[in-house]
Structures are given as structure tokens and as C-alpha cells.
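Biologist: I'm new to this one and would rather learn one part well than skim the whole thing. Could you pick a sheet, walk me through it strand by strand, and then show me what lies around it?

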Amino acid sequence: MNRRARGTRTVLVAFAAATLLAACTQDATPAAPGAAPAAAPSAASPLPATAPTPQGLLLTADFGGDTVTFVDPERGAVASVAVGRAPYALAVGADGRAWVATAEGVAVVDTRTRVRTARIPYRTATGPVTDGEYRGGGMGIALSPDGARAYVGVNVPGTTGVLEVLDTASREVTAVVPVGRRPFDVDVSRDGTEVYVTGHDSFDVTVVAAGPLSSRRIEVAPYGTEGGLGSWLKPHYTAVRPSDGKLLLPFEGERLAVVDPRTGRTEVEPMTADTHQHGVALTADGRLLVVGTGPVRPGDGKGPSLTVRSPDGTERVVPLEGPHEDVAVSRDGRTAYVTGGYTRDGHWNGITVVDLDTGTTRRLPAGTRPLGIAVL
């Protein structure tokens, strides 16, 4: 494809006289050209403050609202809880506690009562508490399989990030491990022995051994690293394939990097959506869901979409209206929930619900610029 063949050369020219900013820059042309998406439907009636949280709701991290929002998947937002500045991602444990990565620290929310019970400050200094794509503080977050530890990737503007390890019982940071730049995503192996931190601006995944907390870097750059901080062609989110523990990282709707964390080797498989890609999720039957945000430059790729990729590599691409960021899947594997927050321009305050059997979509209101999402 012409876009990727000329990609690094074009990026170098475009950024030669500019300040080195990370890819997905705020002053770049929005990824979704044309008219803004239509507004989402009105929110559902709010839950009374004393009512217990119903089962089957969704929870979003509202990057633009300093809250998490509880969302009825049929009717829309029903409650919100203040958690701290610019929440990015969240992870929910079997005990019903949600761990939310904000600019100020990791907030703990009891999802049954909809109450924030703690906010744990980072051990690492990240500068002033701010908003926006490049703000310091927590980005990706994940829990160990036994729920004893929370792992949060902390962005430190202007330098490499860290992985902070939290003891979920004492609610304290117990260790800090250096990782790559802007840790968009954190994932844990099924057996809990390894943690995988995706460094967006360093073209890598840092593999952290959960016991000794030793680390090693795997470069993941199927287009190469030319262009550095100004390149668009970087990793964003990672899925851990249950069948073999390999890491799946989509790039540009054209290439899927399949990384073996044991050997560090990467195989590249073709993809078909031809769009800048962010969030990922896996269904129980092994389908990979990938959020497409739109072309990196107008006319240089296709619009926003959700790719549904079968284990054999065949793909179905569902068009979406406007940019989106992350995705979660229902327990029965038949419905995907795609957040409209997006880390760049073009975000909207809702979720697109995708029927994975038919490909039909509908929109729900869901907080303010929702990024991370989980099914309760």
C-alpha cells in the first residue's frame, strides 16, 4: 500500500521542524473527517444513591469527566462516581472493586455501592496534574488473576514510564519497575507470572516477571522505528491469546504483530481494515476485536470501524460512526461495547453497541469522553 511504503519518509519530512511529540498528536488533523457524529440518545433514569448496583452493567473511565460511569447496556448511563483527574483505564476484580488509573493516583471504587473507597497516589513524580493525551499519571492497568496485585503503567512526560505494583489489600505501592514511554496498556499472563506493558512511544512491550520483577524489552515495530516520537506507526493496545500466551498487537488495519513473549520473536499477519487502530479485546471463542479510529491523514485510509477477526485470520469489518477508543465484550460473546472517548480529536460521550452476529450497531450515552470500559 502506498501509505505505508512512504510512511516513514513522509513522517520525517512532516516533523523535521516540529517539536518531537508522541504519535496521535493533538494538533494533527482529526482522524475522522467530515461532519461530527450525531449525538447519542438521552441517558436512562439515574439510580437512587442507596440502591444496589444491578448486575450486568458496564463501567467506563471518563477521561473528560473525572468520573467513572455505570451504564445500562440497553438504556445508557445511570450513575457516576468521582474518581480523580482524567481517568484513563480501569480493571474490575471478582470482589467487585474497580481499580481506576487517573492522573492523580489509582482510585478504588466499590461497584456494588458506587462509592470511591480510596485513591492511592503514585510513588513516581509525574509533574503537574493535567488533562489531555500527554498528561502524566496512570494509563494502562490490570489485576493479577488472584486479585492480590494491581499493575498500573504510569506515564512520566518527557521520559520513560514505569510500572507501579500495588498491593490490593494494603492499598500501597510496593514496587516500581522502569518500562517504555507512554504505557498505553498493561496485560497479565493467564497464570499471573508475567506482566506485559505496551510502550506506545518506544515501540515496545516490556515483559515483567511478576515474582522477581525483573524485566526485558521486546521491540514491536512491524513498520520499523524511523520517525521516532513523530511516527504514527506504533503499538497501542495488546491482547494475550489464551491458546498459546502470545501477544496480539494490531497496526493500521494492515498488520497484526504476533509476539512470543518467551522468545521475543514477532510474526506479522495481514489485516484488512486499513485504519489507525487502538483498543482490543478477545472473545471466549478466540475472536479478536480491534477498534479502528479512522485514517491517520484525510484520504489515506478508511474510516472508523470494529474488526472482528476469527482465529483462522478471516475478518469482518463493521463500520462505526466517528472515532472510538477501546472495546469490551459481553459475557456471552455476542455483543461488543466500543467507547467513543478516543484519545484525540473527534471523541463523543457514548458507547457504540455492536451485535457481533449481525453487525448492527446502536449508540448509548455513557459519561464524558469514555476511554476504558469493563463489563461488571
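Modeller: Let's start with β12 and strand β13 (residues 194-199), which run antiparallel and are paired over five bridges. A strand here is a DSSP run of E of at least two residues, numbered from the N terminus, and two strands pair if DSSP finds at least two bridges between them. Before we go on, this is a predicted model: local features need pLDDT of at least 70, side-chain atom pairs count only at pLDDT 80 or more, and totals for chains, interfaces and linings use all residues. Residues are numbered from 1 along each chain as its sequence is written, and side-chain values use heavy atoms, with hydrogens and water left out.

If you want a spot to zoom in on, try aspartate 187, which stands opposite tyrosine 196 in β13. Keep aspartate 187 in mind, as we'll meet it again.

Now zoom out a little. β12 and β13 belong to an open sheet of four strands, with the order β12-β13-β14-β15 and antiparallel pairing. β12 and β15 are at the edges with a single partner strand each, so on one side each of them has no neighbour in the sheet. On average, neighbouring strands here are turned by 20 degrees against each other, direction ignored; the axes behind that angle are lines fitted to C-alpha atoms, and angles run from 0 to 180 degrees between N-to-C directions. As you trace a strand, remember that side chains in a regular strand alternate between the two faces of the sheet.

At the other end of the order, strand β14 (residues 204-209) and strand β15 (residues 215-219) are antiparallel and joined by five bridges. Threonine 206 has arginine 217 in β15 as its bridge partner. The two strands make a hairpin with five residues between them, and leucine 213 in that turn has a positive phi of about 60 degrees.

So what lies around the sheet? Go back to β12, because that's where the largest pocket comes in: with five residues, β12 gives the most to its lining. A pocket is an open set of points on a 1 Å grid over the protein atoms alone, with protein on both sides within 12 Å along at least five of seven lines, and lining residues have an atom within 4 Å of a point. This pocket holds about 1500 Å³ of space, counted as the space filled by probe spheres set on the points, which are joined across faces, edges and corners.

Its lining has 46 residues, and aspartate 187 is back: Ala91, Val92, Ala142, Asp187 and Leu282 lie nearest the centre. Besides β12 (183-188), the elements giving two or more residues to this lining include β4 (89-92), β5 (97-101), β8, β20 (276-282) and β28 (370-375). By class, 27 of the lining residues are nonpolar, eleven polar and eight charged; Ala, Val, Leu, Ile, Met, Phe, Trp, Tyr, Cys and Pro count as nonpolar, Asp, Glu, Lys and Arg as charged, and the others, Gly among them, as polar.

Leu282 also turns up at the second largest pocket, where Arg241, Leu248, Leu282, Gly286 and Pro311 lie nearest the centre and the lining has 17 residues. That pocket holds about 220 Å³ of space. Seven of its lining residues are nonpolar, five polar and five charged.

β8 is worth following too, since it leads into another open sheet of four strands, β8-β9-β10-β11, again with antiparallel pairing. Its edge strands, β8 (137-143) and β11 (172-178), pair on one side only. In this sheet the average turn between neighbouring strands is 25 degrees, direction ignored. Strand β10 (residues 162-167) pairs with β11 over six bridges in the antiparallel sense, and leucine 163 has valine 177 in β11 as its bridge partner.

In the loop between β10 and β11 you'll find arginine 171. Like leucine 213 back in the hairpin, arginine 171 has a positive phi of about 60 degrees although it isn't a glycine. Arginine 171 counts as partly exposed because its relative accessibility is 30%; buried means under 20% relative accessible area, exposed over 50%, and partly exposed in between, using a 1.4 Å probe and protein chains only.

Methods: 1 Å grid on protein atoms, 1.4 Å probe; cavity = no way out; pocket = protein on both sides within 12 Å on 5 of 7 lines; lining within 4 Å.
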